[in-house]
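Trainee: I keep meeting labels such as "buried" and "antiparallel". I would like to see how each one is earned.

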Amino acid sequence: MLKSQQRLRNNKDFVRVFKQGKRHSFSGVLLSYIPNNMEYSRIGFVISKKYSPLAVRRNRQRRILQSAIHPIYPQLKPGFDIIISYTNRNKVLPYKDASVVLTKLFTKTNLINNN
RNA sequence: AAAGAUUGUCGAGUGAUAGCUCUUUGAGUCUGUAAAGACUCUGGAGAGGAAAGUCCGGACACUCUCUCUGUCGAUAAGAUAGGGAAACGGUAGCGGGUAACCCCCGUCUAGAGUGAUCUACGAGGUGCGAGCAGAGACGUGUUUUAACCGCAAGGUAAACAAUUCUUGAUUUUUUCAAGAAUAGCUCCAUAGUAAUAUGGAGGUGAAACGGCUAAAUCCUUACUGUAGUGCAAGACCGUACCCCGCACCCAUUCCAAAAAAAGACCAUAUAAGUUUUAUUAAUCGUAAGACGAAGUUAUUUCGUUUACAAAGUAAUAAAAUCAAGAAGUCUUUGCCUGGAAUGGGUGCGGGGGGAGUCGCAAAGAUUUGUGUGGCAACAUACAAACAAGAUAGAUUAUCACUGUAAACAGAAUCCGGCUUACUGACAAUCUUUUAAU
RNA sequence: GUCCUUGUAGCUCAGUGGAUAGAGCGUUUGGUUGCGGUCCAAAAGGUCGUAGGUUCGACUCCUACCAAGGACA
């Protein structure tokens, strides 16, 4: 779990990222991002009710993604608003696959520091 | 010991690594005159029995019909407290519990089971396809078929005028007649708060004293609740930024020669804004192709292009609503510089904006234990216990072990119920059967 | 989160406890025409969302569940 400063916490920001941001997807994980004028990056998670109507499964999937992003976060370039959404219906994405998918996505979009 | 019945409890644990929210016991650093705030380390706490469905009931908050009475007020406007009515509901064998209930407890009646126990129902009226005979038709006899099935013949058409025995009439059944008994009916006694049960008596017993049904669509009665909206209720505050109006100051340009101060009119107007209506526009989205790109090669994803309904959004127009105050005019005082436009700044007023704070988070119809009252639900006394509180939303992720680690499932203002989903285990009480003493 | 609405033929919808559950559009067949449309005539197509219950009798009343949709900042 990231700190509250490092999370997207406002509806306006979500709308801005979805409307104006760039998108990339990989095996059900959709990454949208847009630069912000801040010294750190902020990350939000969206898992829709179409994924599963049960709140427990949605919570668990979100927590897996959050914990997978935690070791990657220090390597990210600062100054971006990022939204990660998962829509694969009723398929649980385990921790190992999630970290692999996320690193792939970040390298593809050049959001990660190569150092 | 086996087979059951009912009720209750629990709803994984341990370790390692990495992390989140709240809190502030302690320590430190920074900002600040101070109050205080921010950060780091440490300590403490952190998801249910159904948190679910949102099906009932309450607390709490705001809004609200008519009428009467009391208090404050001036007799008014209004505020506040209480009673009643209308309308709209709720409950329904009987008795009790509760803040309240479609809830719970006890009990009556009927049925199932050897039994523990389980299941079901519950006031009155109205109503009961039609005709004929008949004292009487929902129901005894008979006809018919409005309705349904069927090609047709024909059949279906809820329940209830009861049951048993003996004798006689006829060869028997059916039917008829006579008699007896039971149920039913009325009254009385006993038990019970009551529903009701038990016992006794009485006449009646082919004439209603009977059946089903409609408060899970009608009417009445009894008891009872004002009603509506739901914490996105509601209260406070209002940052950045934006819009409108007014005053003052500065700059530039133009104009005038009489101005300034106080009060009134101007002003039941009007700006932004809000609400409603109309028009237009673009976006989102949808659909089917075409082209291009990506790619996990899937009936994939993305972009461009073509077409398009409603709602919403934006702009414009109209109507309604809504602040402060200038110029101008008049009156009084009484005598020298002032006014307009554009741009910028400062201040004041009106409005939009959710950055936020509270409601709301440790404490009340609470939970547990013991005593007392009660068959019980529950009440009461004493003692002890009780820090989840987020707001794009914390309460976790990964690995290992524990017999295989597994079910249903995630708090969102808070409580009492009901309903639905569900893994495995344990405990208590009771019943029946078998065996031993 | 709180509060509501709806579910009937392929689509859009009616339906007052007793009808073989209807209407329009669509589909199919036949007729008309040289052919097609229009028109005319007929037919098919329904577990009334699912499961229980009340009732002599349920699309309609009650309860539970399922699905779809809406309002509120």
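What follows is a talk about this predicted model, taking one label at a time.

Trainee: What is the secondary structure of chain A, and in what sequence do the elements run from the N terminus?

Mentor: Chain A has three helices and four strands. From the N terminus on, they run α-β-β-β-α-β-α.

Trainee: How are the four strands ordered in the sheet?

Mentor: The order is S1-S2-S4-S3, in an open sheet with mixed pairing. Neighbouring strands are turned by 20 degrees against each other on average, direction ignored.

Trainee: What makes S1 and S3 edge strands?

Mentor: Strand S1 (22-26) and strand S3 (42-47) each pair on one side only.

Trainee: How do you know that S1 and S2 pair?

Mentor: Count the bridges. Pairing needs at least two. S1 and strand S2 (residues 29-35) are joined by five, so they pair, and they run antiparallel. Ser25 stands opposite Leu30 in S2. Lys22 has Tyr33 as its bridge partner in S2.

Trainee: What is special about Ser27 in the hairpin of S1 and S2?

Mentor: Ser27 takes a positive phi near 50 degrees. That hairpin has two residues between the strands.

Trainee: What makes the pairing of the sheet mixed?

Mentor: Look at S4 and its two partners. S2 and S4 pair in the antiparallel sense over seven bridges. S3 and S4 pair in the parallel sense over six bridges. The sheet holds both senses, and its pairing is mixed.

Trainee: Which residues face each other there?

Mentor: Between S2 and S4, Tyr33 has Ile82 as its bridge partner, and Val29 stands opposite Tyr86. On the S3 side, Gly44 stands opposite Ile83 in S4. The chain crosses from S3 through H2 to S4, and this β-α-β crossover is left-handed.

Trainee: Why is Ser85 called buried?

Mentor: The cut-off is under 20% relative accessible area. Ser85 has 6%, so Ser85 is buried. Its place is in strand S4. Leaving aside neighbours within four places in sequence, Ser85 is in contact with Gly28, Val29, Leu30 and Val46.

Trainee: Why is Arg42 given the label buried?

Mentor: Apply the cut-off again. Arg42 has 13%, which is under 20%, so Arg42 counts as buried. Arg42 sits in strand S3. Leaving aside neighbours within four places in sequence, its contacts include Gln5, Asp13, Asn36 and Phe80.

Trainee: Is Arg23 buried or exposed, and how do you know?

Mentor: Exposed means over 50%. Arg23 has 51% relative accessibility, so Arg23 counts as exposed. Arg23 lies in strand S1. Arg23 and Thr109 are 86 residues apart in sequence, with their C-alpha atoms 9.1 Å apart in space.

Trainee: What makes S4 a mostly covered strand?

Mentor: Seven of its seven residues are buried. Phe80, Ile82, Ile84 and Tyr86 point one way from S4. Asp81, Ile83 and Ser85 point the other way. In a regular strand the side chains alternate between the two faces of the sheet. S2 is also mostly covered, with five of its seven residues buried.

Trainee: Which helices lie across the strands of this sheet?

Mentor: Helix H2 (residues 55-69) lies across S3 and strand S4 (80-86), at about 155 degrees to S3. Helix H3 (residues 95-108) lies across S1, S2 and S4, at about 140 degrees to S1.

Trainee: How do you know that the span of H2 agrees with its 15 residues?

Mentor: Set expected against found. At 1.5 Å a residue, H2 should span 21 Å. Its end C-alpha atoms are 21 Å apart, so the two agree.

Trainee: Which residues of H2 are buried, and what covers them?

Mentor: Arg58, Gln61, Ile64, Leu65, Gln66, Ala68 and Ile69 are buried. Their cover includes S3, S4 and H3. An α-helix has 3.6 residues a turn, so residues three or four places apart point the same way.

Trainee: How many of the residues of chain A count as buried?

Mentor: Of its 115 residues, 41% count as buried. The accessible surface of chain A comes to about 7,200 Å², and 50% of that belongs to carbon and sulfur atoms.

Conventions:
Residues are numbered from 1 along each chain as its sequence is written. Chains are lettered from A and ligands numbered from 1 in the order in which they are written. This is a predicted model: local features need pLDDT of at least 70, side-chain atom pairs count only at pLDDT 80 or more; totals for chains, interfaces and linings use all residues. Side-chain values use heavy atoms; hydrogens and water are left out. Axes are lines fitted to C-alpha atoms, for helices over the stretch in contact, and angles run from 0 to 180 degrees between N-to-C directions. Contact means heavy atoms within 4.5 Å. Buried means under 20% relative accessible area, exposed over 50%, partly exposed in between (1.4 Å probe, protein chains only). Accessible areas come from the Shrake-Rupley method with a 1.4 Å probe; for residues, only the protein chains shown count as cover. The expected span of a helix is 1.5 Å times one less than its number of residues. A crossover is right-handed if, with the strands pointing away from the viewer, the path from the first strand over the helix to the second runs clockwise.
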